[in-house]
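User: Please take one part of this model and look at it closely. Then work outward from there, in plain terms.

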Amino acid sequence: MKLHIPARHWRTVELGVKSLLLHKLRSILTMLGIIFGVCSVIAMLAIGEGASYEAQEAIKKLGSANVIIKSVKPADDASNSQQGRRSYVSEYGLTYADVDRLKQTIPGVKRVLPMRLIAPYEVRYNESHLDGQIVGTIPLYAEINGLDIARGRFLADLDEQREKNVCVMTTTFADRLFPYEDPLNQFIKIAGDYYRVVGLVQETSTADKRPQPAHAEGQAIDNNVYVPLSTIRSRFGETIVRRSAGSYQAEKVELHQITVQMQSSEAVEIGSDQIKTLLKRFHAKNDFEMIVPLQLLRQAQETKRIFNIVLGSIAAISLIVGGIGIMNIMLATVTERTREIGVRRALGAKKRDIITQFLVETVVLSVGGGVIGVVIGVIVPFAVELLAGMKTIITLSSLVLSFGISGVIGVIFGIYPASRAADLDPIEALRHE
Amino acid sequence: MPGEALIRLVGIQKIYQLGEVEVRALNGVDLAIAEGSFVAIMGPSGSGKSTMLNLLGCLDRPTTGEYFLGGEDVSKLDDDAISAVRGKRLGFVFQSYNLIHQLTVIENIHVPLFYQGKDLTETYEHCKKLAELVGLGDRLDHRPKQLSGGQQQRVAIARSLVNDPLMILADEPTGNLDSRTGVEVLEMFDRLHASGKTIVLVTHGPEVAERAQRVIHMKDGVIDREVINRKGNGA
């Protein structure tokens, strides 16, 4: 007798729901295990996904084909300069020679972008003045760092060749310096020289990506003023003297950062080691650091993988615990409903009908818990995003996965109670009080 | 007895092994029940009447002997087949009604058909007619808990009729009812009998048994004596 009409199956599900509704509190308590399990899987994955997404995006913006080299004040130098009141020039960091060497020696190098930072430095316009970060660089900067030109133009090759006194600033900085005027073609004053504002840019990059010297941390990040590298070199010289806490401090740093763009991500693999070897040769002091975004990305992905495995095991454990809870209740239910099972057997139910009935009940419990868990699991990340300001990403796969697992749990932990119900002797079952 | 026997028991033995002791619950029973008859089985506890009922109801298999139900030997069928026989050919009425709590009156009546793969929507009219037959046409959506004992037993009777069984097996159907509702239920059996149903009823009470045509008295696992009851219906 194989009459498997869909309506009949639907009736079985309906019956299961009715039986569960007979003990509402019990059913809900039973579902809690699955609800929490599913909910925590989704919420945790969403938070983890969000966190790693942000990190990965930040790294991706650095450019997976790029290798970033920064000048770092060597440790022994730093300690010297802080002792005593003597003013004294500390000389370290990347040089123009490094740029040429990188271009000439390393295979697979596409472009090299040198950068010099002077920050903070006072920028004046008429009576108003603001501390800005002076970035000396070449026109390539805009392209490699993905700057959006808001108005005017970025630095041009001619500016660089002729050491022109022109500058480009961020829109936020311009808004502060020129609250009531059009900044374009105005002249600002930096260290006694006047520079014409030729363009405004929108910063699309993240804070991590901004060129920042080590001592400029914690500073406002939207205050970049871009000036041709050659101009900076001729106006400021190589040595910058600054006064801090009663002592003079002079630094001679030719370049603060070099961004090496390789031809491809593959070239980064080999190239990054070669760059390191090359630079080590010419820098006896450990005065540079390398950031390889591709490696960071790999690390971030690896971290995420481990994170997912840990989450997965926690989730698996909580779902199994939930499943055991369901099995426990179903075993009690079978005992409690022994008489009903007997009656059904007497009225023509086969063993597999009884198995189906109890299995469906278990699956309804676990899938019901799964549905509620999914709903709460979607709400929780939203709440986290609102309250804690963390970015969360709910992936479809986490919904499908946790929901699917809850169903599977229902079947696995339902089989034993159901088969126990089916194996009851009808006569004994009918006699059961 | 007119016609071919609907039910025929041949040399039925049921032996339980309780540790060292062998209990012969039924020790060679031969019985034939004609279609349309109303038979009562009586006997003290331990006489084997419950075992007899279980065998007749295909809930149990005899150790030896054969049981022909509607011409087919059902004593050796496997579990699925015997379940199908119960569902299609037998109707049960129990002492404690045994309705299913979570289902309504109409759904309870429908249960045997459910296990034949027939949906309630297709058989709704049929189930409803039976509910009306037992006087509960206006309670189709009530739950068993909302009904009195007599009403519940009437639902059970309707349920036993839903699959148009060869035989209705009733186990002390009035045991849990007061005498007035008990009489009502028994009158219902009388009417069913009058309409041609075959009924086998197990009881302690002589006043219940006297409604049957034949009263079979059991003792020590065998049929002790049989009384043809002239006062019974039809005869």
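Analyst: What follows starts at one helix and then moves to its surroundings.

This is a predicted model. The part chosen is helix 11 of chain A, residues 338-346. Is it mostly covered or mostly open? Helix 11 of chain A is mostly covered, with seven of its nine residues buried. The buried set runs A:Glu340, A:Ile341, A:Gly342, A:Val343, A:Arg344, A:Arg345 and A:Ala346. Charged residues, A:Glu340, A:Arg344 and A:Arg345, are among them.

What do these buried residues pack against? Within chain A, the partners are helix 12, helix 13 (396-422) and helix 14. From chain B come helix 2 (79-89) and strand 6 (90-93). After helix 11 of chain A comes A:Gly348, with a positive phi near 110°.

One residue is worth a stop here. A:His432 sits in the segment that follows helix 14 (426-431) of chain A. Setting aside neighbours within four places in sequence, A:His432 is in contact with A:Thr338, A:Arg339 and A:Gly342. A:Thr338 and A:Gly342 both fall within the 338-346 range of helix 11 of chain A. The C-alpha atoms of A:His432 and A:Thr335 are 9.3 Å apart, although 97 residues separate the two in sequence. Why does A:His432 count as partly exposed? It has 15 C-beta neighbours inside 10 Å, and a residue counts as buried only at 20 or more and as exposed at 12 or fewer.

Next, the interface. Across it, 22 residues of chain A are in contact with 25 residues of chain B. On the chain A side, helix 1 (6-21), helix 11, helix 12 (351-388) and helix 14 each give two or more residues. By class, that side holds 11 nonpolar, two polar and nine charged residues.

Cross to chain B and look at strand 6, one of the elements packed against helix 11 of chain A. How is strand 6 of chain B covered? Both of its faces are: B:Leu90 and B:Phe92 are buried on one side, and B:Gly91 and B:Val93 are buried on the other. In a regular strand, side chains alternate between the two faces of the sheet. Strand 6 of chain B runs parallel to strand 7 (residues 167-171) of chain B, joined by four bridges. Opposite B:Gly91, in strand 7 of chain B, stands B:Ile168.

Other strands of chain B pair as follows. Strand 3 (residues 38-42) pairs with strand 9 (residues 214-219) of chain B in the parallel sense, over four bridges. B:Met42 has B:His217 of strand 9 as its bridge partner. Strand 9 of chain B also pairs with strand 10 (residues 222-228), this time antiparallel and over six bridges. There, B:Met218 is matched with B:Ile223 of strand 10. Two residues lie between the strands of this hairpin, and B:Asp220 takes a positive phi near 50°.

Chain B also has an open sheet of four strands, in the order 2-1-4-5, with antiparallel pairing. Strand 2 (21-34) and strand 5 (72-73) of chain B are at its edges with a single partner strand each, so one side of each has no neighbour in the sheet. Strand 4 (residues 64-69) and strand 5 of chain B pair antiparallel over two bridges. B:Glu72 of strand 5 is the bridge partner of B:Leu69.

Now step back to whole chains. Chain B comes to seven helices and 10 strands. Its radius of gyration is 18 Å, close to the 18 Å of the globule rule for 235 residues, so chain B is as compact as a globular protein of that length. Of its residues, 48% count as buried. The C-alpha atoms of chain B fill a box of roughly 50 × 40 × 40 Å.

Chain A has 14 helices and 13 strands. Its radius of gyration is 34 Å, well over the 22 Å that the rule gives for 433 residues, so chain A is more spread out than a compact globule. Its C-alpha trace spans about 105 × 50 × 45 Å along the principal axes. In chain A, 39% of residues count as buried.

One more helix of chain A belongs in the picture. Helix 2 (residues 24-62) reaches 55 Å from first C-alpha to last, close to the 57 Å expected. Helix 2 of chain A bends by about 35° at A:Leu32. Just after it, A:Gly63 takes a positive phi of about 95°.

How values were computed:
Residues numbered from 1 in each chain as written. Chains lettered and ligands numbered in written order. Predicted model: local features only at pLDDT ≥ 70, side-chain atom pairs only at ≥ 80, totals over all residues. Rg over C-alpha atoms; globule rule 2.2 N^0.38 Å. Expected span 1.5 Å × (residues − 1). Bend = angle between axes of the 7 residues up to and from the residue. Contact = placed C-beta atoms within 7 Å. Pairing = 2+ DSSP bridges.
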